[in-house]
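The following exercises concern helix packing and burial in a single structure. Each task is followed by a stepwise solution.

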Amino acid sequence: MKLIITGREHVDVARPSIYVSNHESQMDIPALFYALWIPSFFIAKKEIRRIPFMGWYMILAGMIFVDRKNSESARQSMKAAAKKIQNGKSVISFPEGTRNRDGKMLLFKRGTFVIAKEGNIPIVPISIKGAREVVAPGEFRIKPGTVFLNIGKPIYPGDHPELKEDQLANFVREEVIRLRAT
């Protein structure tokens with residue numbers, strides 16, 4: 001797999017941020033770790049804990065798991081993410097909530113944007129394109145191909161006080177779509 005990264009200048013190790021990306025393949029996580037190279041944590045659905053090796057690694061590394069069926073538990077997970085950010089760690093989120101299977105970006109869930117808005121935490125939009133062709137949904141075989149990561153400029157929620165959490169989520173989603181088209 002070849003990885004082409006643009007916009008790396010928007011990654012600031014000294015600025016804890018929430019990195020928000022579309023999610024199209026199992027290759028997204030390693031691609032983001034390689035591209036960002038910052039102390040960070042993923043927000044992941046709790047079901048991933050049960051995946052041998054990957055889930056075990058994520059538990060040991062202190063990743064944040066969200067129970068999407070329990071709103072109070074999900075809220076507590078988001079508070080844990082906010083605490084990690086306050087302690088100087090960045091968080092990586094796939095606000096679609098799951099991999100999009102057909103290449104059409106799903107709506108962004110609001111949890112990540114509640115945290116960002118409450119703490120005026122910068123949101124760095126990232127688009128991923130091509131990962132689906134390298135590892136197709138439901139497959140584990142890696143095919144030769146190129147994955148493009150396009151990192152956008154940080155978006156500060158405080159610069160958009162008129163946007164509620166859902167509107168901020170849609171605003172960032174539109175930016176990810178724009179980045180993916182370039």
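**Exercise 1: a buried residue**

A131 is buried (under 20% relative accessible area, with exposed meaning over 50% and partly exposed in between, for a 1.4 Å probe and protein chains only), because its relative accessible area is 0%. The model is a predicted one, in which local features need pLDDT of at least 70 and side-chain atom pairs count only at pLDDT 80 or more, while totals for chains, interfaces and linings use all residues. Residues are numbered from 1 along each chain as its sequence is written, and side-chain values use heavy atoms, leaving out hydrogens and water.

Task: State which residues A131 touches, not counting residues up to four places away in sequence.

Solution.
1. A131 belongs to helix α5, residues 131–134; helices are DSSP runs of H or I with at least four residues, numbered from the N terminus.
2. With contact taken as heavy atoms within 4.5 Å, A131 touches E24, S25, M27, D28 and V147.

**Exercise 2: helix α1 and the core**

Task: Determine which residues of α1 are buried and where they lie around the helix axis.

Solution.
1. The buried residues of α1 are D28, I29, A31, L32, A35 and L36.
2. Viewed down the axis of α1, they fall within an arc of 160°, so they line one face of the helix; the arc is that of the directions from the helix axis to the C-beta atoms.
3. The largest nonpolar core (buried Ala, Val, Leu, Ile, Met, Phe, Trp, Tyr and Cys residues joined through side-chain atoms within 4.5 Å) has 50 residues, and L32, L36 and V172 have the most contacts inside it.
4. Helix α1 (residues 28–36) supplies the largest share of this core, 5 residues.
5. Beyond its neighbours within four places in sequence, L36 contacts V11, Y19, I92, I126 and I151.

**Exercise 3: packing of α4 and α6**

Task: Describe how the axes of α4 and α6 are arranged and which residues meet.

Solution.
1. The axes of α4 (residues 111–119) and α6 (residues 165–181) come within 9 Å and cross at roughly 105°. Axes are lines fitted to C-alpha atoms, for helices over the stretch in contact, with angles from 0 to 180 degrees between N-to-C directions.
2. The helices α4 and α6 are therefore roughly perpendicular, a class that covers 65 to 115 degrees.
3. F113, V114 and K117 of α4 meet E165, L168, A169 and V172 of α6.

Note on methods
Helices (H or I, at least four residues) and strands (E, at least two) are DSSP runs, numbered from the N terminus. Angles under 35 degrees count as roughly parallel, over 145 as roughly antiparallel, 65 to 115 as roughly perpendicular and the rest as oblique.
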